[in-house]
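Hi,

Here is the structure I said I would pass on to you. Have a look at it first, and then read my notes underneath.

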Amino acid sequence: MGRYAALAVFMFFVSVSSAQADFYRWVDGDGKEYYTNDPAKVPPEYRGRSKPVEVRDDRVSVGEKPSKPSGRDKSTAAVKEHKDKYGHGEEWWRKRASNIRLQLRDLQDEYDLLLKQEQDRQEKEKKHLGGKKKSTASFEKKKATLEKKQAKARRMLDVELPEDARKADAYPGWIRE
């Protein structure tokens, strides 16, 4: 009977030690990190890039005192923020994209105002049929200039900024609204 009890205890400890699950980490196209203990839950397009995560007890804090980093790991417990090749972080890229969007909105507002002013001018001319018709050349010139500026800002936002971010190794999600 003692043998069976010893065998049962041995089997219990073997099953407990092998029950520790492996964890997997992957980063999606937007730069978001995901973790799972089931490799089947990793989306197929990220399975090749998923990496097992080392489970270390010294990184886990249970209770009131946070764990201290081990002697070989001098980093702080905080996750290091990702920076691009030039040292710019998420905030820098978001601010750059935001400035371009703001510039585009301002140009659109200016364009809308110009159209409204031209419409008002045309209505006044209709009321005063006897009055001279003013040349619309300056209006067309201003309109064309604003359209060019808008196209340039859109290209910068849709093409150039994402390309700059890709070359700098910045996460694509940083430049999205």
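Y171 is partly exposed, because its relative accessible area of 24% falls between the 20% below which a residue counts as buried and the 50% above which it counts as exposed. Bear in mind as you read on that this is a predicted model.

What does Y171 pair with? Its partner is W174, and together they form an edge-to-face aromatic pair. The centres of the two rings are 5.1 Å apart, with 70° between the planes. That angle is over 60 degrees, so the pair counts as edge-to-face. W174 itself counts as buried, since its relative accessibility is 6% and the cut-off is under 20%. So here a partly exposed tyrosine meets a buried tryptophan.

How many aromatic pairs does a search of the whole structure find? There are two. Besides the one above, W92 and W93 form an aromatic pair. This one is edge-to-face as well, at 4.9 Å centre to centre and with 85° between the planes. W92 is partly exposed, with a relative accessible area of 37%, whereas W93 has a relative accessibility of 2% and counts as buried. In case the numbers look odd to you, a pair of aromatic rings is described by the distance of the centres and the angle of the planes.

Now for the overall layout. The protein chain has three helices and three strands, and along the sequence they follow the pattern α-β-β-β-α-α. Of its 177 residues, 19% count as buried.

On to the charges. Which residues gather in a patch of negative charge on the surface? They are D106, D109, E110 and D112. I looked at D112 a little more: this aspartate is found in helix α2, which covers residues 90-127. With a relative accessible area of 38%, D112 is partly exposed. The patch takes residues with over 30% relative accessible area, so D112 clears that cut-off.

One last residue to look up is K143. You will find K143 in helix α3, residues 137-168. Is K143 buried or partly exposed? Its relative accessible area is 21%, so it is not under the 20% needed for buried and counts as partly exposed. K143 and L115 are 28 residues apart in sequence, and their C-alpha atoms are 8.1 Å apart in space.

If you want to start somewhere, try finding W92 and W93 in the viewer and looking at their edge-to-face arrangement.

Cheers

Terms used: Residues numbered from 1 in each chain as written. Predicted model: local features only at pLDDT ≥ 70, side-chain atom pairs only at ≥ 80, totals over all residues. Heavy atoms only, no water. Patch = residues over 30% accessible without salt bridge, like charges linked within 9 Å, V, L, I, M, F, W, Y side chains within 5 Å. Areas by Shrake-Rupley, 256 points an atom, 1.4 Å probe, with all protein chains shown as cover. Salt bridge = Lys/Arg side-chain N within 4 Å of Asp/Glu carboxyl O. Lys, Arg positive; Asp, Glu negative; His and termini not counted. Charge placed at Lys NZ, Arg CZ, Asp CG, Glu CD. Helix = DSSP H or I, 4+ residues; strand = E, 2+ residues; numbered from the N terminus. Buried < 20%, exposed > 50% of the residue type's maximum accessible area, 1.4 Å probe, protein only. Phe/Tyr/Trp six-rings, centres within 6.5 Å; stacked < 30°, edge-to-face > 60°.
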